[in-house]
Amino acid sequence: MIKRNLLVMGLALVLSACGFQLRGTGTQELSIKELDLSARDAYGTTVKMMRQILESSGVDVHAGAPYKLILVNETESQRNLSYSGGGRSAEYEISMELNYQIRTRDNLQLLSDKLQVQKVFLHDGNNITGSDQEAVETRREMHRDLVQRMIIRLQLLTPQQLSELQATAEAKAKADADALEAARKAEAEIPQQSPMELPNQ
């Protein structure tokens with residue numbers, strides 16, 4: 001029992017030494033060992049955090065990997081929830097949405113989905129600097145939450161599932177190519193009508 005407790009404490013220390021870690025997950029182990037990562041905003045906060053946690057989880061992030069994680073689009077919206085007396089303070093809800101795709105090295109799309117997070121913060125009109133700092137920290141936490149949810153999604157993907165998704169995508173691509181070729185052949189076999197000759201006036 002003592003050995004087990006020491007092992008748990010040792011693991012906790014190792015994980016905390018990584019700097020950034022997942023909350024609410026028992027392990028950071030991923031079955032995907034190689035992954036290409038790209039985003040529309042290549043220097044954005046989410047993709048930077050994503051790269052950091054993937055690499056700290058033992059994933060080799062590089063171009064040419066068998067699979068590609070593409071952060072297609074990240075949007076943010078904000079809405080007012082309530083106002084205090086005199087309009088000095090207001091409660092806001094910030095929403096972030098991340099659309100992503102997983103593709104093969106040959107750019108075949110295996111899956112496409114989105115993640116969403118929301119957080120509420122209070123803007124104090126009597127302490128604008130503090131409120132601005134809180135808003136910045138809230139957004140940073142939301143980026144961390146997006147990355148955490150993305151890692152959880154990746155943890156659920158097994159090599160067998162990826163192989164099945166790839167086989168399905170390849171079969172669909174072949175069927176589409178065959179249908180396109182058949183349509184071209186059918187069009188080529190249609191006799192071309194000669195232009196109608198008008199009688200001489």
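Let me begin with Met142, which is found in helix H3 of what is, I should say at once, a predicted model. Is Met142 buried or exposed? Its relative accessible area is 0%, so Met142 counts as buried. If we set aside residues up to four places away in sequence, the residues that Met142 touches are Ile94, Ser95 and Met96, together with Val117, Gln118 and Lys119. Take Met96 from that list: along the sequence Met142 and Met96 are 46 residues apart, and yet in space their C-alpha atoms are 7.4 Å apart.

With that one residue in mind, let me step back to the chain as a whole. The protein chain has four helices and five strands, and if you read along the sequence you will meet them in the pattern α-β-α-β-β-β-β-α-α. Of its 201 residues, 29% count as buried. As for contacts between residues at least 6 apart in sequence, 69% of them join residues at least 24 apart.

Next, the nonpolar core. The largest one has 35 residues, and those with the most contacts inside it are Leu35, Leu37, Met50, Leu54, Leu69, Ile151 and Leu154. The elements that each give two or more residues to this core are the strands E1 (34–39), E3 (67–83), E4 (89–104) and E5 (109–124), along with the helices H2 (45–56), H3 (128–155) and H4 (159–189). Leu35 is a good residue to look at here, and, leaving out residues up to four places away in sequence, its contacts include Leu54, Val59, Val61, Tyr67, Leu69 and Leu154.

Which strands, then, does E1 pair with? One partner is strand E2, residues 60–61, which pairs with E1 in the parallel sense over two bridges, and within this pair Glu34 stands opposite Asp60. Between these two strands the chain crosses from E1 through H2 to E2, and this β-α-β crossover is right-handed. Another partner is E3, again in the parallel sense, here over four bridges, and the residue in E3 that serves as bridge partner of Asp36 is Lys68.

The helix in that crossover deserves a closer look. H2 has twelve residues and reaches 17 Å from its first C-alpha to its last, which is close to the 16 Å expected at 1.5 Å a residue. Its buried residues are Thr46, Val47, Met49, Met50, Ile53 and Leu54. Why can we say that they line one face of the helix? Seen down the axis of H2, the buried residues fall within an arc of 160°, and so they line one face. Just after H2 comes Gly58, which takes a positive phi of about 90°.

A positive phi turns up at Asn107 as well, where the value is near 75°, in a residue other than glycine. As background, most residues other than glycine have a negative phi. Where does Asn107 lie? You will find Asn107 in the loop between E4 and E5, and at 41% relative accessibility this residue counts as partly exposed.

Let me finish in strand E5, where Asp113 is found. Asp113 is partly exposed too, with a relative accessible area of 37%, a value that lies between the cut-offs of under 20% for buried and over 50% for exposed. Not counting residues up to four places away in sequence, Asp113 touches Leu98, Asn99, Tyr100 and Arg153. Asp113 and Gln101 are twelve residues apart in sequence, while their C-alpha atoms are 6.5 Å apart in space.

Terms used:
Residues numbered from 1 in each chain as written. Predicted model: local features only at pLDDT ≥ 70, side-chain atom pairs only at ≥ 80, totals over all residues. Heavy atoms only, no water. Core = buried A, V, L, I, M, F, W, Y, C linked by side-chain atoms within 4.5 Å. Buried < 20%, exposed > 50% of the residue type's maximum accessible area, 1.4 Å probe, protein only. Contact = heavy atoms within 4.5 Å. Pairing = 2+ DSSP bridges. Right-handed = clockwise from strand over helix to strand, strands pointing away. Expected span 1.5 Å × (residues − 1). Arc of directions from axis to C-beta.
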